[in-house]
Amino acid sequence: MRRARRGDREAAALLFRRYWRDAWRAAFAITGRQSLADDVAADGFERAFAALERFDDRRPFGPWLHRIVANRALDLLRAERRLSDEELPDAPDSAPSHGAGDRSLLSAVADLSLERRVVVVLRYGVGMTPKQIAEALDLPVGTVNSRLARALEQLRESLEVEHVE
Amino acid sequence: MSSELERRLETMLAEAPEPDPGAGEEALHWALRVLQPVAAPRRGMRTAVLVFAGAVVLLVIAAGSLAAAGALHVSIGAKSKPPPPPAPELRLPKGANGVAAIVNGQLSVATRGGRTQLPASAAALSPRALYVAVGSGDSLVALAPDGRRAWSHRAGGKVVAIAWAPDGFRIAYVVHAGRRFVLHVIYGNGVNDTPIDRSVRAVRPSWRGDSLAFAYVGGGGRAVVYDVGHESRRVVAIRPPVTAVAFAPSGDALALEGPKAVSLVNGSAHRQINSASVGAFGWLNGRLAVAVPGLNSNLIRVFAPDGALSGSSRAHGIVKAITPKLVVVQRGETLVAGHTTLLTVPRSATVRDLQIG
């Protein structure tokens, strides 16, 4: 990290290779689209590298990068919403690699609001703690916990309704 | 229920796809571009560097003396690879917001906000030259004038032609995907990419002045006008193959270049306005200008949007491009626009996507 901060390209490339997959998967989890995940993750790294000098290297790089990626993904999704005549599908797209056996859950996650979906995918898809999510999204931990609880409640209700039907 | 639900969520989200390796390499390239330069060495290190530099200078002086005396043959860099020629630096014409050109595959951009250079397969300035859209690798990239990347979109192939709508809201671009050229439209902020036609020619589209439609050359060399509002297309009744299209800056007039003629379509009326071979054509101050090649100079014939000849003049050089307000002429090794020498390049250099915004 220290070498990368001094502008060492090899060290920066190592850092990139170590975190690229996680950053991309976080971007995909939020945007639900591979092409958008490519752009968001790339943009996240670009912004992170441009700001490396300001990064406090006593803290872990991963959550800081995820914060940038998550916020960039949210910005892009919101911009798309504003620009699109129609409401965009607020959900992971029909990526075939998603568990075909859990389509009901996938569909329920797709129905969550953007704010709730983001905390769900960062918690269960990326494995971040509520505290890390709170830092990443610049929210109080209580808000993250409450969004998670409400999202789980909504998912549970959706799945129950489907089961009854 | 919740813990079971949480396990299901983890399992489902763990099945997310893996990133494409190509996307990673490209992202790495762009990320390294913004890496800050190495910080200045500390004092102790600086002293060591100065001592080393002094020693090198003394060695060079000694070697030079020996070489001058014939006692030592010096061959510096004989085995090293010659550096690539620097991309020519463009000069901004007076009154222009920006100028861009790709010379031998290297894009040069000069705007009021800065200048940048990079390898590119296609380029288009945004309105008022606030950004430049660039074909870079397999991506369409928007760069700010200082070279910073505003956004990037994976195009899935080499981008060969780009046209930015006059209102800045959309970009039409042609990408070489497999054996075909595919036309796409994307929003000016890099989102909402939509394929429009999966078999087109590698020709730059041209936007109508109101930004609600653009012309392109489809499969078979036919000119097509695509209406972005109604998502409809209309084939222009001009005999193919069409090799270039240019909408007038206002109104519906559309100029089309064929192998040996320029035609003007205005509503349902169309007429062939030039039967000689064409060097360059474009809209100049709202009129259609057609350069007819001569030996050392070009005749520029100017037509009103209804096709009536409204004048002609002789360019002092070979016309390379006709931009909305300036004609770019090659004189020897210089490209000149108005009173500004844009750049100096060898005659053999390939210059494309030359634009003044």
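# A tour of the two-chain model

Start in chain B: select strand β17 (residues 254-257) and strand β18 (residues 262-266), an antiparallel pair joined by 4 bridges. For one of these pairings, show B:A255 and look across to β18(B), where the bridge partner is B:L264. Bear in mind as you click around that this is a predicted model.

**Out to the rest of that sheet**

Now widen the selection to the open sheet of 4 strands in chain B, which runs in the order β16-β17-β18-β19 with antiparallel pairing. At the edges you'll find β16 (244-247) and β19 (269-274) of chain B, each of which pairs on one side only. Direction ignored, neighbouring strands of this sheet are turned by 20° against each other on average.

**Another sheet in chain B**

Next, select β12, β13, β14 and β15 of chain B. They make an open sheet of 4 strands, in the order β12-β13-β14-β15, and the pairing is antiparallel. Which strands stand at the edges of this one? They are β12 (206-207) and β15 (232-235) of chain B; each has a single partner strand, so one side of each is left without a neighbour in the sheet.

Stay here for a moment and pick strand β14 (residues 223-227) of chain B. Its antiparallel link to β15(B) consists of 4 bridges. Show B:V224 and then B:V235, its bridge partner in β15(B).

**Colour by confidence**

Switch the colouring to pLDDT and keep chain B on screen. The chain averages a pLDDT of 82, and 84% of the residues score at least 70. Which elements of chain B have the lowest and the highest mean pLDDT? The lowest belongs to helix α3 (residues 43-68) of chain B, at 51, and the highest to β12(B), at 97. You have already met β12(B), as an edge strand of the sheet you just left.

Select residues 38-45 of chain B: pLDDT stays under 50 here, and the model has 6 contacts beyond four places in sequence for this stretch. Then try residues 66-81 of chain B, where the pLDDT is also below 50 and the model shows 7 contacts beyond near neighbours in sequence. Where pLDDT is low, don't read the predicted coordinates in detail.

For the complex, the predictor gives an ipTM of 0.76 and a pTM of 0.61.

**Where the chains meet**

Bring chain A back. How many residues of each chain are in contact with the other? The count is 44 residues of chain A and 38 residues of chain B. On the chain A side, α2 (9-31), α3, α4 (61-83), α5 (103-110), α6 (114-125) and α8 (141-164) each supply at least two residues to the side that touches chain B. The most comes from α3(A), with 11 residues. By class, the residues on this side of chain A are 24 nonpolar, 8 polar and 12 charged.

**α3(A) against α2(B)**

Since α3(A) gives the most, select helix α3 (residues 34-50) of chain A together with helix α2 (residues 21-33) of chain B. Their axes are 9 Å apart and they pack at an angle of about 25°. The two helices are therefore roughly parallel to each other, and α3(A) passes α2(B) in a right-handed crossing.

Show the side chains next. From α3(A), the contact uses A:D38, A:A41, A:A42, A:F45, A:E46 and A:F49, while α2(B) brings B:A23, B:A27, B:W30 and B:A31. That contact has 8 nonpolar, no polar and 2 charged residues.

**α2(A) against α2(B)**

Keep α2(B) and swap its partner for α2(A). These helices pack at about 140°, with axes 10 Å apart, which makes α2(A) oblique to α2(B). The crossing is right-handed.

Which residues meet here? A:R9, A:A12, A:A13, A:F16 and A:W20 in α2(A) meet B:G24, B:A27, B:L28, B:A31 and B:L32 in α2(B). By class, this contact has 8 nonpolar, 1 polar and 1 charged residues.

**Last stop, inside chain A**

Hide chain B, keep α2(A) and add α6(A). The axes of these two come within 9 Å and cross at roughly 145°, and α2(A) passes α6(A) in a right-handed crossing. Zoom in on A:R25, A:A26, A:A29 and A:I30 of α2(A), which meet A:V118, A:V121, A:L122 and A:G125 of α6(A). The contact divides into 6 nonpolar, 1 polar and 1 charged residues.

Key: Residues are numbered from 1 along each chain as its sequence is written. Chains are lettered from A and ligands numbered from 1 in the order in which they are written. This is a predicted model: local features need pLDDT of at least 70, side-chain atom pairs count only at pLDDT 80 or more; totals for chains, interfaces and linings use all residues. Axes are lines fitted to C-alpha atoms, for helices over the stretch in contact, and angles run from 0 to 180 degrees between N-to-C directions. Angles under 35 degrees count as roughly parallel, over 145 as roughly antiparallel, 65 to 115 as roughly perpendicular and the rest as oblique. A crossing is left-handed if the near helix is turned anticlockwise from the far one by less than a right angle, and right-handed if clockwise. Two residues are in contact if their C-beta atoms, placed from the backbone, lie within 7 Å. Ala, Val, Leu, Ile, Met, Phe, Trp, Tyr, Cys and Pro count as nonpolar, Asp, Glu, Lys and Arg as charged, and the others, Gly among them, as polar. Two strands pair if DSSP finds at least two bridges between them. pLDDT is the predictor's confidence in each residue, from 0 to 100.
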